[in-house]
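Here is a walk through one protein structure, taken part by part. Keep the sequence and the model in view while reading.

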Amino acid sequence: MEKFTLEILFHIIGIGAASGLIYKDNSLYLISDNSSYLYEYHMNSQDLQRHALTTDPAENIPKKDKPDFEAMTAFQDTLYIFGSGSTTNRNKMVEFDLAQKKKIATNDLSNLYEVMQNFASIKPEDFNIEGIMHDGENWYFLNRGNGIANKNTLLSVHAKKLDQEFSLMANDYKLPKIKGVRTSFTDAVLTDNAIYFLATAENSKSTYHDGEVLGSIIGRINLETMKIDFTKKISPTNKFEGLTVYSKTEHQIQFLLCEDKDSDVLESTIYELTVPLK
């Protein structure tokens with residue numbers, strides 16, 4: 001496989017602790033795990049807009065109070081933004097209409113998250129949704145294994161809408177270590193019948209408390225076999241938490257990445273990662 005390349009593309013002032021991003025029509029839609037806004041960044045004009053996701057939106061929300069928006073996916077003209085489920089006040093899913101530029105629904109996923117935990121044998125203290133994908137028929141949730149049990153799990157939900165009857169499948173993965181610490185899922189994107197995922201090694205045994213960041217990898221899961229095709233270390237220092245497709249040819253895919261620096265500084269760096277295709 002040819003060489004992977006990672007480079008800084010640009011900086012965005014006004015958003016910190018970026019935890020997810022979607023690229024669409026030369027704009028970036030970003031969420032932050034410290035904030036209750038959706039951010040819309042126009043790449044040509046460098047204009048940043050904020051859209052409220054809660055009744056009283058705020059930035060740099062205290063850890064115990066934040067909705068912890070960690071995962072986001074897009075289907076047609078709707079963004080779906082998910083809380084991590086790592087505490088009882090982090091179980092919301094917000095639907096945002098891209099055409100109307102407004103929030104259209106807020107859903108409580110407490111029952112669904114409980115079913116997932118029971119089905120996949122994930123204890124509440126090990127439950128932490130950090131990646132989500134939707135293709136119109138299936139939802140793919142990635143549980144980050146940064147708890148004591150290291151439960152890196154892909155939960156596949158077959159349903160057009162999450163409030164309908166569904167079937168559920170779970171696959172566990174043992175991800176590589178960096179400096180002796182197991183990496184854990186932080187985001188993913190669905191393309192060409194495969195899931196490209198990010199995972200970070202963070203020296204902590206808690207889904208709640210942050211730890212020393214030891215680096216990040218990218219990998220790919222084949223949706224037919226549900227097995228990992230490859231993993232590749234892409235940084236020894238960054239905690240990447242957002243992944244979106246930027247461009248694609250028959251020879252390579254270019255992704256955009258964002259990182260969570262675990263600070264209150266309202267600034268985010270966007271990276272471009274080029275991945276060769278076999």
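A salt bridge is counted where a side-chain nitrogen of Lys or Arg lies within 4 Å of a carboxyl oxygen of Asp or Glu. Side chains of opposite charge can pair when their charged atoms come close. The model shown here is a predicted one, and under this rule it holds 13 salt bridges.

One of them is formed by the side chains of Glu202 and Lys239, with 3.3 Å from N to O. Glu202 belongs to strand β17, residues 194-203, while Lys239 sits in the loop between β19 (227-235) and β20 (240-248), so this salt bridge ties together parts that are 37 residues apart in sequence. Buried here means a relative accessible area under 20%. Glu202 counts as buried because its relative accessibility is 6%, and Lys239 is buried as well, with a relative accessible area of 3%.

Lys239 has another partner: its side chain also meets that of Glu241 in a salt bridge, at 3.6 Å from N to O. Glu241 has a relative accessible area of 1% and is therefore buried. The pairs do not stand alone, since salt bridges with shared partners join Glu130, Arg144, Glu202, Lys239 and Glu241 into one network.

A further salt bridge is found between Asp172 and Lys151, whose closest N and O atoms are 3.0 Å apart. This pair links distant parts of the chain, with Asp172 in strand β13 and Lys151 in the loop between β11 and β12, 21 residues apart. How exposed are the two partners, Asp172 and Lys151? Asp172 is partly exposed, at 48% relative accessibility, whereas Lys151 is buried, at 15% relative accessible area.

The next part is a helix. Helix α1 covers residues 110-120, and its buried residues are Leu112, Tyr113, Met116, Gln117 and Ala120. Viewed down the axis of α1, these buried residues fall within an arc of 140°, so they line one face of the helix. The spacing follows a general pattern: an α-helix has 3.6 residues a turn, so residues three or four places apart point the same way. Asn111 and Asn118, on the other side of α1, are exposed.

What covers the buried residues of α1? The cover includes the strands β7 (78-83), β10 (129-134), β11 (138-143), β12 (152-158) and β13 (167-173). Strand β13 is also where Asp172 of the salt bridge with Lys151 lies. After α1 comes Ser121, which has a positive phi, near 55°.

Now turn to a pair of strands. Strand β2 runs over residues 18-24, and 5 of its 7 residues are buried, so β2 is largely enclosed by the rest of the structure. It pairs with strand β3, residues 27-32, in the antiparallel sense, over 6 bridges. One of the bridge partners is Ser32 in β3, which is matched with Ala18. The two strands form a hairpin with 2 residues between them, where Asp25 takes a positive phi near 55°.

Ser32 comes up once more in the last feature, a cavity. How many cavities of 30 Å³ or more are there? The count is 1, and the largest cavity holds about 30 Å³ of space. Its lining consists of Ile15, Gly16, Ser32, Asn34, Ser35, Tyr39, Glu59, Asn60 and Leu266.

Technical notes. Residues are numbered from 1 along each chain as its sequence is written. This is a predicted model: local features need pLDDT of at least 70, side-chain atom pairs count only at pLDDT 80 or more; totals for chains, interfaces and linings use all residues. Side-chain values use heavy atoms; hydrogens and water are left out. Buried means under 20% relative accessible area, exposed over 50%, partly exposed in between (1.4 Å probe, protein chains only). Helices (H or I, at least four residues) and strands (E, at least two) are DSSP runs, numbered from the N terminus. The arc is that of the directions from the helix axis to the C-beta atoms. Contact means heavy atoms within 4.5 Å. Two strands pair if DSSP finds at least two bridges between them. On a 1 Å grid over the protein atoms alone, a cavity is a set of points where a 1.4 Å probe fits but cannot get out, and a pocket is an open set with protein on both sides within 12 Å along at least five of seven lines; lining residues have an atom within 4 Å of a point. Grid points are joined across faces, edges and corners, and a volume is the space filled by probe spheres set on the points.
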